[in-house]
Amino acid sequence: MAADQLSTTFAALADPTRRTILARLATGERSVSELAAPFEMSMPAVSKHLRVLERAGLIVRGRDAQWRPCRLNASPLKQVADWTERYRHIWEARFDRLDTYLQQMKAKEKAHARKQRRK
Amino acid sequence: MPVSSVANSRTFKVTTPSDTDIQLTRLFDAPRHLVYEALTKPEHVRRWWGILDDKHSVPVCEIDLRVGGAWRFVGEGPEGRMPAFYGVYREIVPRERLVNTEFFELFPDAGSVVTTVLTEEGGKTRMTVTATYPSKDVRDMVLKTGMEHGAATSYDRLEEVAAGLA
């Protein structure tokens, strides 16, 4: 996936209304009016959010002109999850080194305490 | 050399508690005073912070541990010196809590405020690091940078494997 596509995905996810829409679509496809129902928002405003999600590839809309159900497309979400996963790897490695080093510090402190007692 | 415990490694978690935060948490099998020392004394930080294999080191590791005092870390590898990470300490509660700013030389406009909290947990120490970025875009960029570093490391490994095959 191109970097600019990822930015589009992140921008689409930045809005709480759009995240709520995605969460509702996770349970199955919905019409625009069904999606609009819980929000105090005009249909055009909801349609605008849907267009942003569609451009980001996060939803797919049916072809039928009358009833264009929205469906979740999870693959860009997986890309976002993969990013977090890479970041996680760097810190995981760093913390593992810290943990290993702390064991050396602990051993040193113990040895030092023994020496002190002998004095 | 003692190997880090698998059990502790499993306690590591990365979360994004808000649009502008990244939070890391992990349990360490060491008393809190040692973890604090490992975080705040250059001679210790040098031993774990960088990429740290035999090709990499942390030649610059300066810590002026007082409110308003600066810190600066620079890693070095075969490709030369890397851009610095640096910032200023804002809050210091010895053994418990550190708040500092963190900037990366390549993106000086995209600094974060990092809060590190140490808590005792049955003889072990839990470290919780929360980095707060100025915007969601910046936070996401940091997650992306993580990917690029990760990829670079993987390529290095690939190179080693390839060299072994030759």
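Here are five short exercises, each with a worked solution, on a predicted model.

**Exercise 1. Get an overview of the two chains: how many helices and strands are in chain A and in chain B, and what pattern do they follow along the sequence?**

Solution.
- Start with chain A. Its secondary structure comes to five helices and two strands. Reading along the sequence, you get α-α-α-α-β-β-α.
- Now do chain B. There you find four helices and nine strands, in the pattern α-β-β-α-α-β-β-β-β-β-β-β-α.
- Next, check burial. Chain A has 119 residues, and 20% of them are buried. For chain B, 20% of 166 residues count as buried.
- Finish with the contacts. Take the pairs in chain A with a separation of 6 or more: residues 24 or more positions apart account for 52% of those contacts. In chain B, among contacts between residues at least 6 apart, 33% join residues at least 24 apart.

**Exercise 2. Trace the pairing around strand 4 of chain B: which strands pair with strand 4, and in what sense?**

Solution.
- Go to strand 3 of chain B, residues 57–63. Strand 3 pairs with strand 4 in the antiparallel sense over five bridges. To find the register, look at B:S57, which stands opposite B:E76 of strand 4.
- Look at the turn between these two. The hairpin has six residues between the strands, and B:G68 takes a positive phi near 90° there.
- Move on to strand 5, residues 80–81 of chain B. Strand 5 and strand 4 are antiparallel too, with two bridges. B:G77 sits opposite B:G80, and this hairpin has two residues between its strands.
- Last comes strand 6 of chain B. Four bridges join strand 6 to strand 4, again antiparallel. Here B:R72 faces B:Y86.

**Exercise 3. Carry on from strand 6 to strand 8 of chain B, and work out which residue of the loop between strand 6 and strand 7 has a positive phi although it is not a glycine.**

Solution.
- Begin with strand 6 (residues 85–93) and strand 7 (residues 97–104) of chain B. They run antiparallel and share six bridges. In this pairing, B:I92 has B:L98 as its bridge partner.
- Then step across strand 7 to strand 8, residues 112–121 of chain B. That pair is antiparallel as well, over six bridges, and B:R97 has B:V117 as its bridge partner.
- Now go back to the loop. The hairpin of strands 6 and 7 has three residues between the strands. B:R95 is found in this loop, and it has a positive phi of about 70° despite not being a glycine.
- Buried or exposed, or in between? B:R95 has 17 C-beta neighbours inside 10 Å, so it counts as partly exposed.

**Exercise 4. Find the largest nonpolar core and say which elements supply it.**

Solution.
- A bit of background first: in soluble globular proteins, nonpolar side chains tend to be buried together.
- The largest nonpolar core here has 21 residues, and those with the most contacts inside it are A:L98, A:L102, B:F28, B:V35 and B:A38.
- Sort the contributors by element. Helix 5 (75–118) of chain A supplies at least two residues of this core, and so does each of strand 2 (21–28), helix 2 (32–40) and strand 4 (70–77) of chain B. Helix 2 of chain B gives the largest share, five residues.
- Zoom in on A:L102. Leaving out residues up to four places away in sequence, A:L102 touches B:F28, B:A30, B:L34, B:V35 and B:A38.
- Apart from this core lies another, of 13 residues; A:L13, A:L53, A:A56 and A:I59 are among them.

**Exercise 5. Describe how helix 2 of chain A packs on helix 4 of chain A: what is the angle, and which residues make the contact?**

Solution.
- Pick out the two helices, residues 16–25 and residues 43–55 of chain A. They pack at an angle of about 75°, and their axes are 10 Å apart.
- Now classify the angle. Angles of 65 to 115 degrees count as roughly perpendicular, so helix 2 is roughly perpendicular to helix 4 of chain A.
- List the contact residues. Helix 2 brings A:T17, A:R18 and A:I21, while helix 4 brings A:H49, A:V52 and A:L53.
- Sort them by class: the contact has three nonpolar, two polar and one charged residues.

Methods:
Residues are numbered from 1 along each chain as its sequence is written. Chains are lettered from A and ligands numbered from 1 in the order in which they are written. This is a predicted model: local features need pLDDT of at least 70, side-chain atom pairs count only at pLDDT 80 or more; totals for chains, interfaces and linings use all residues. Two strands pair if DSSP finds at least two bridges between them. A residue is buried if 20 or more other C-beta atoms lie within 10 Å of its own, exposed if 12 or fewer, and partly exposed in between; C-beta atoms are placed from the backbone. Two residues are in contact if their C-beta atoms, placed from the backbone, lie within 7 Å. A nonpolar core is a set of buried Ala, Val, Leu, Ile, Met, Phe, Trp, Tyr and Cys residues joined through C-beta atoms within 7 Å. Axes are lines fitted to C-alpha atoms, for helices over the stretch in contact, and angles run from 0 to 180 degrees between N-to-C directions. Angles under 35 degrees count as roughly parallel, over 145 as roughly antiparallel, 65 to 115 as roughly perpendicular and the rest as oblique. Ala, Val, Leu, Ile, Met, Phe, Trp, Tyr, Cys and Pro count as nonpolar, Asp, Glu, Lys and Arg as charged, and the others, Gly among them, as polar.
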